[in-house]
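User: Please take a close look at one pair of packed helices in this model, and then describe the part of the protein to which they belong.

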Amino acid sequence: MITFNEEEYAVGKEVLVSVHDIKRVFWRGTEPVHALDGISLNIYRGEYICVMGPSGSGKSTFFNMVGGLDTPTAGRVFIDGVDMAQLNAEELAFLRCRKIGYVFQQFNLNTVMTALENVTLPMVFAGVSADEARARGMALLDRVGLGSRWNHRPKEMSGGQMQRVAIARSLANNPSILLCDEPTGNLDLKTGKEIHLLLHDLNKNDGVTVICATHDPNMLSVSSRMVWICDGKIDRIAESKHVKIEKDSLGIEEEDE
């Protein structure tokens, strides 16, 4: 069995996200539920990380902590050296708008807006001019293969097309981090594979750091490292090249070199 050596792995890499002993406690009546129970992790610029684990393991909660969508009960999250706990609401919104792109399982598109309007909406909040936003939005839709459908609304699109629009929207303000929460969860196998390859292309050719919370074992083929979470704790970490996914059980086996 291969043991992950972070010191060796980190040589020549720059830390982009640093998570220090984060905990998140929810309350069910008077009973505490420890969604995250002391997770520490460094994520390096240019990585493609898959965060895996069964439902209820803490994947999405971890995703929300890194993305600034929720606040840890304890612990700290740093993005590019910035302690997110020290930011006020306006500063946190600024960081999320410009450094982090989000892709969700449910797409979260505005149903009355066209594909182009959905993609350019984050640019409006960032103060981008209308002409620049339109040009950038069309370029992004071309990038995800939907340039010809810029005027279509979500109800006129397939699930895969809606997810492509969501990915284009996530790239609106040139983020350094792309957070994907079960991005293929509502897609068929073929369409899911297309999304895998698109995210892989963005990671390799654009240098976007991808952090993907997923159940999908096929995401492993495009990732650089896998983090397995169980019961709110990191169970193990491995480079993807050393990991074999058991398709039927979502268990993992680490392969000897």
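Analyst: The crossing of α4 and α6 is right-handed, meaning that the near helix is turned clockwise from the far one by less than a right angle, whereas an anticlockwise turn would be left-handed. Helices (H or I, at least four residues) and strands (E, at least two) are DSSP runs, numbered from the N terminus. The model is predicted, so local features need pLDDT of at least 70 and side-chain atom pairs pLDDT 80 or more, while totals for chains, interfaces and linings use all residues. Residues are numbered from 1 along each chain as its sequence is written, and side-chain values use heavy atoms, without hydrogens and water.

The axes of α4 and α6 lie 8 Å apart, and the two helices pack at an angle of about 30°. They are therefore roughly parallel to each other (an angle under 35 degrees; over 145 is roughly antiparallel, 65 to 115 roughly perpendicular, the rest oblique). From α4, Ala-115, Asn-118, Val-119 and Pro-122 meet Val-165, Ala-168 and Arg-169 of α6, where contact means heavy atoms within 4.5 Å. By class, five of the residues in this contact are nonpolar, one is polar and one is charged.

Val-165 also belongs to the largest nonpolar core, which has 41 residues; Tyr-48, Leu-141, Val-165, Ile-167, Leu-178 and Leu-199 have the most contacts inside it. Such a core joins buried Ala, Val, Leu, Ile, Met, Phe, Trp, Tyr and Cys residues through side-chain atoms within 4.5 Å; buried means under 20% relative accessible area, exposed over 50%, and partly exposed in between (1.4 Å probe, protein chains only). At least two core residues come from each of β3 (48-52), α4 (115-125), α5 (130-143), α6 (159-170), β7 (177-181), α7 (189-206), β8 (209-214) and β9 (225-230). The greatest share is that of α6, with five residues. Apart from this core lies another, of 31 residues, including Ile-22, Ile-39, Ile-79 and Leu-92.

Within the 41-residue core, Leu-178 touches, among others, Ser-170, Leu-171, Leu-199, Leu-202 and Ile-211, not counting residues up to four places away in sequence.

Two partly exposed residues complete the picture. Asp-206, in helix α7, has a relative accessible area of 43% and is therefore partly exposed. Beyond four places in sequence, Asp-206 touches Arg-143 and Asp-201. The C-alpha atoms of Asp-206 and Ser-176 are separated by 9.4 Å, although their positions lie 30 residues apart along the chain. Arg-98, in helix α3 (residues 89-99), is partly exposed because its relative accessible area is 28%. With the same sequence limit, Arg-98 touches Ala-126, Asn-173, Asn-174 and Pro-175.

Methods:
Axes are lines fitted to C-alpha atoms, for helices over the stretch in contact, and angles run from 0 to 180 degrees between N-to-C directions. Ala, Val, Leu, Ile, Met, Phe, Trp, Tyr, Cys and Pro count as nonpolar, Asp, Glu, Lys and Arg as charged, and the others, Gly among them, as polar.
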